[in-house]
Amino acid sequence: MALMAASSSRSTKLQYGVYKCSSYSYNYVPENVLNDNPSDQLSRWSSDSNNPPQYLMLKLERPAIVDSITFGKYEKTHVCNLKKLKVYGGLSEDHMIEILDSGLKNDHIPETFGVRNEIDGNNFPCRYLKIVPVQAWGPSFNFSIWYVELNGRDDWQVVNACMNWYNTYREREAIRLCLKHFRQRHYIEAFEALKKKTKVSLEHPVLTELHDLLVTGGDYEGCEKVVIRACDEGLFDQYISQQDYKPKWTPIEPVSGGSSDNCTDSRPGMRGGHQMCIDVYTETIYLFGGWDGNFDLADLWAYHVPSREWTCLSKNTHEEGGPSARSCHKVCLDPERKQMFTLGRYLDPASRTAAMLKCDFYMYDIESGRWTLITEDTQSMGGPQLIFDHQMAIDVEQQTIYVFGGRCTCQVGAQTMRDNETRPFMCCFFAAIVRLVTVGSAVWLPSPTEGERSQEPVFSGLFSYHIPSNTWTKLMDDSPQLRSRIGHSMLFHSKKRVLYIFAGQRSKEYLSDFIGYHVDSGTIEVISDGTNKDGCQAGFTQRATLDPDLNEIHVLSGLSRDKDKRDNSKNSFWVYDIGKDKWSCIYKNEEHRPAVLDKMQHIEPVPRFAHQLVYDHVRKVHYLFGGNPGKDSLPKMRLDDFWSLKLCRPSPDFLLRRCSYLIRKYRFLELACTSRCTAMTYLQNEVSQTVNHNDPKEAQEFQLLATNLFKDGPSEDIDVMEGEAPEHFSRRTELFDKLVGFFPENMTQPKGNLIDLIPIDD
């Protein structure tokens with residue numbers, strides 16, 4: 001009821017006053033944050049020191065549900081702006097919880113953050129807010145806050161209902177802490193009396209049953225049965241979803257495939273700068289074009305995953321009414337209508353005549369096997385001019401294709417680049433021509449001829465193409481709000497209806513920003529401006545995929561952005577949790593020694609660029625093909641290896657085996673205190689069954705257990721138990737607490753301890 005009432009009220013600006021602060025510098029008093037004066041350098045609170053803890057505490061005129069906090073800034077960048085900060089909130093200054101952990105960009109634009117205002121799905125009110133600076137943008141500088149605005153709901157009827165719920169919640173949690181304390185100390189009479197009087201449950205009945213069997217009764221077999229039942233009911237799924245991924249690369253060796261009459265090869269040849277897309281319904285991967293080190297390619301292939309078979313659909317699509325040979329193009333697939341679209345290409349400077357500088361746009365109908373030329377020149381229809389190294393994504397539901405970025409191809413006279421130095425440095429540059437320049441030391445050389453200066457590169461903006469009406473629309477030009485680029489990644493989230501744009505290159509600048517473009521509203525969300533070094537750092541050739549079901553973005557980077565390293569090919573894989581706004585590095589391989597790389601090439605792909613990566617979000621499998629290994633001695637070398645990648649978390653069976661191991665391990669330790677012979681037999685038979693002896697870590701842990709057979713005297717129950725605790729009570733309680741960690745938090749006893757709440761006076 002409290003949440004329903006709160007959600008129906010509107011958020012408004014909340015009135016507050018400055019309650020107190022840790023310190024302040026002369027003239028920079030805390031009351032300055034009440035006024036938004038971005039042009040006045042004195043209108044701010046500034047701490048007198050940067051030694052923690054520094055804080056600014058605000059007091060609302062009346063309790064309210066705080067929805068957001070806005071920080072105003074000075075009109076210019078400032079070294080005292082808060083790079084990292086935390087905000088706490090509560091009904092009293094002594095009892096607060098963290099409601100925000102974030103930071104401000106070092107610019108002049110105000111920033112608004114949503115704050116945590118729910119517990120167990122119910123809103124909780126605040127009267128006090130404590131802003132705690134953690135780090136300023138300038139090292140060793142004091143902290144400054146220029147302006148603070150709070151928004152939320154302070155309607156008394158709504159807030160009162162939430163306060164009543166919150167007070168009830170706090171009392172219930174206090175009782176649960178007491179119940180936990182009594183049971184851990186084996187004060188059974190006090191435990192039962194409090195439980196009966198308050199009718200408050202400490203935990204889910206399944207965990208109460210587990211505690212009674214294990215801790216009280218010492219029934220280890222019964223304990224295992226409860227854990228097996230819990231696993232079968234999916235109670236471990238939440239724990240599994242919170243574990244880090246582990247990558248599993250598998251080389252794919254296709255069987256001899258079919259081919260068309262005019263194509264005799266059984267699989268695609270070596271290449272980079274090609275394009276791939278996947279039909280998740282038929283489990284078919286399509287591969288088109290690329291650069292083999294000498295020539296652009298025009299072949300089209302299909303790989304059927306279940307049969308592990310490549311089929312050559314066309315050796316030369318141009319001869320069959322399709323696109324000409326190309327690289328640095330883009331493709332996207334509509335799996336429902338079985339249509340593949342391709343747009344753009346790299347054009348050699350020598351071929352850049354007016355007649356050739358048209359951006360053709362093709363559609364391939366998979367069921368009929370026919371190409372359709374949609375238009376010879378998208379620019380004449382309001383679309384982009386001839387571009388390369390752009391990105392393209394499709395909204396299948398609305399039948400709309402989005403195209404963003406890429407470099408516009410100009411005539412030689414307008415803008416010239418050395419032929420052998422163009423392709424090595426963009427995505428197409430990675431993909432295609434590396435004729436004379438060593439890849440590891442590729443540099444940007446814009447001046448083509450003596451006495452001639454090249455103009456600044458021209459980048460394409462954001463376009464949409466509506467398939468049913470054959471209509472192009474320019475959504476945005478290259479602008480400060482959405483800077484165009486090359487070498488970037490762009491993904492469409494079909495459920496959130498957001499285009500995610502990540503990283504890229506703009507002339508000599510390498511971008512690390514992360515942007516969301518909401519396609520329905522046309523609004524831009526800056527997820528990260530690239531200044532935070534904790535997440536994925538953009539590489540020159542990152543490949544990204546999106547899982548709309550898991551709400552995750554996956555990024556595989558093949559070339560380091562570290563310009564100080566010339567031998568800088570490497571593999572790294574990152575996962576971005578969209579809901580949690582959190583990056584996780586799954587693995588990173590920075591090995592450069594040729595001997596080691598040759599040894600590893602059968603275990604995982606060698607570092608590369610100009611490769612392609614597609615993702616089957618239904619079966620959770622990535623597929624990688626080809627690319628450029630960046631060998632100095634073989635600059636024209638390309639790869640034709642084919643890999644699958646699964647991101648694995650512990651399976652329910654694995655987790656169940658580990659739980660069984662823990663249970664049997666603790667039973668063995670108990671037996672070792674009473675009967676060493678029985679314990680040894682139990683170790684060899686029962687415990688051994690739960691160990692993966694092929695895993696060195698597990699095998700070593702199992703072998704070390706035997707040392708407990710030779711210890712003198714009991715090794716547990718060193719704690720003084722004031723109640724009449726059964727034998728081995730302390731060790732069994734320890735095991736119970738470990739098993740509880742696998743269950744959902746809303747089922748378990750409180751994490752805190754009662755004795756930790758007792759303050760220690762000075």
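Q: What does the count of salt bridges come to in this model?
A: This is a predicted model, and the count in it comes to 39 salt bridges. Side chains of opposite charge can pair when their charged atoms come close.

Q: How do you know that E93 forms a salt bridge with K20?
A: Look at the gap between the closest N and O atoms of E93 and K20, which is 2.8 Å. The rule asks for a distance within 4 Å, so this pair qualifies as a salt bridge. The two partners come from distant parts of the chain: K20 sits in strand β2, while E93 is in the loop between β5 and β6, 73 residues apart.

Q: Why is E93 called partly exposed?
A: Its relative accessibility is 26%. Buried would need a value under 20% and exposed a value over 50%, so E93 falls in between. K20 is judged in the same way: its relative accessible area is 33%, so K20 is partly exposed too.

Q: What makes the meeting of D67 and R153 a salt bridge?
A: Their side chains come to 2.6 Å, N to O, and the limit is 4 Å, so the pair passes. D67 belongs to strand β4 and R153 to strand β12, so this salt bridge ties together parts that are 86 residues apart in sequence.

Q: Are D67 and R153 buried or exposed?
A: Both D67 and R153 are buried, so each has a relative accessible area under 20%.

Q: Why is K495 called exposed, and D549 partly exposed?
A: K495 has a relative accessible area of 57%, which is over 50%, so K495 earns the word exposed. D549 has 45%, so D549 stays between the two cut-offs and counts as partly exposed.

Q: How do you know that the side chains of K495 and D549 meet in a salt bridge?
A: The N to O distance for K495 and D549 is 2.8 Å, and the limit is 4 Å, so the rule is met. Here both partners sit in loops: K495 between β29 and β30, and D549 between β33 and β34, 54 residues apart.

Q: Which residues do salt bridges that share partners join into one network?
A: The network is made of R657, R658, K665, E698 and E701.

Q: Which members of the largest nonpolar core touch the most other members?
A: In this core of 34 residues, they are I69, F71, I145, V148 and L150. Several elements give two or more residues to the core, including β2, β5, β12 and α2. The most comes from β4, with 7 residues. Another core, of 28 residues, lies apart from this one and includes V206 and L655.

Q: Why is G627 called buried?
A: Its relative accessible area is 0%, which is under 20%, so G627 counts as buried. G627 is placed in strand β38. Setting aside residues up to four places away in sequence, G627 touches R271, G272, H274, F609, A610, H611, R638 and L639.

Q: Which two C-alpha atoms, 354 residues apart along the chain, are separated by 7.0 Å?
A: They are those of G627 and G273.

Q: What makes β13 and β37 the edge strands of their sheet?
A: The open sheet has 4 strands in the order β13-β39-β38-β37, with antiparallel pairing. β13 and β37 each pair on one side only.

Q: How do you know that β37 and β38 pair?
A: There are 5 bridges between β37 and β38, in the antiparallel sense. A pair needs at least two bridges, so these strands qualify. Within this pairing, Y615 stands opposite H622 in β38.

Q: What makes the side chains along strand β7 alternate?
A: E111 and F113 point to one face and are buried, while T112 and G114 point to the other and are not. β7 is joined to β4 by 4 bridges, and the two run antiparallel. T70 stands opposite T112 in β7.

Q: How do you know that the span of helix α5 agrees with what it should be?
A: With 13 residues at 1.5 Å a residue, α5 should span 18 Å; the end C-alpha atoms are 19 Å apart, so the two values agree. Among the buried residues of α5 are Y220, C223 and V227. The cover over the buried residues of α5 includes α4, α10 and α13.

How values were computed: Residues numbered from 1 in each chain as written. Predicted model: local features only at pLDDT ≥ 70, side-chain atom pairs only at ≥ 80, totals over all residues. Heavy atoms only, no water. Core = buried A, V, L, I, M, F, W, Y, C linked by side-chain atoms within 4.5 Å. Buried < 20%, exposed > 50% of the residue type's maximum accessible area, 1.4 Å probe, protein only. Contact = heavy atoms within 4.5 Å. Expected span 1.5 Å × (residues − 1).
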